[in-house]
Amino acid sequence: DNPVRVNDPIRYTIRVVNDTDVADGQVDIQFPLPDGVKLERVVPVTNPELGNAEIKNGAVLLPYVPVLGPGDSIEYSVVLSSNQPQTFDMEVKVRSENQPEGYVDSVTTTVVQ
């Protein structure tokens, strides 16, 4: 839902797809937490064996994906909350062995009183 109310769950799905015909590896997925935004939970929809997310320097770091085969995907369900009204971009950054310069995608979220 967008907009969402202060302190209500803000739900996202992060899906990374290897749309090439070669395997990729060391896939790094991360996103910053804007001021007033808290990570409530991250649930791996695929590959639950990868482990837990970590927060470091104001960013959420999802576990490295060691290998992502051709056509394979990885998906996470992410829930955030905001303690204040604001508009922010949920900006997900992905880097890998085959894409070291990375890729960024974002969606704007509005939080109202």
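A residue counts as buried when its relative accessible area is under 20%, as exposed when over 50%, and as partly exposed in between. With that in hand, the model, which is a predicted one, can be looked at loop by loop and strand by strand.

Two asparagines make a handy start. Most residues other than glycine have a negative phi. Asn-47 goes the other way, with a positive phi near 55 degrees. Asn-47 sits in the loop that links β4 to β5 (54–56). Its relative accessibility comes to 29%, so Asn-47 is partly exposed. Asn-7 is another non-glycine residue with a positive phi, here about 70 degrees. The loop between β1 (4–5) and β2 is where Asn-7 is found, and with a relative accessible area of 54% this residue is exposed.

Just past that loop comes the sheet. Three strands form an open sheet in the order β2-β8-β4, and the pairing is antiparallel. β2 and β4 (37–44) are the edge strands, each with a partner on one side only. From one strand to the next, the twist averages 25 degrees.

Strand β2 covers residues 10–17. In a regular strand, side chains alternate between the two faces of the sheet. That pattern shows up neatly along β2: Ile-10, Tyr-12, Ile-14 and Val-16 point to one face and are buried, whereas Arg-11, Thr-13, Arg-15 and Val-17 point to the other face and are not buried. β2 is held to strand β8 (residues 73–82) by eight bridges, with the two running antiparallel. In this pairing, Val-17 of β2 stands across from Ser-73 in β8.

Notes. Residues are numbered from 1 along each chain as its sequence is written. This is a predicted model: local features need pLDDT of at least 70, side-chain atom pairs count only at pLDDT 80 or more; totals for chains, interfaces and linings use all residues. Side-chain values use heavy atoms; hydrogens and water are left out. Buried means under 20% relative accessible area, exposed over 50%, partly exposed in between (1.4 Å probe, protein chains only). Helices (H or I, at least four residues) and strands (E, at least two) are DSSP runs, numbered from the N terminus. Two strands pair if DSSP finds at least two bridges between them. Axes are lines fitted to C-alpha atoms, for helices over the stretch in contact, and angles run from 0 to 180 degrees between N-to-C directions.
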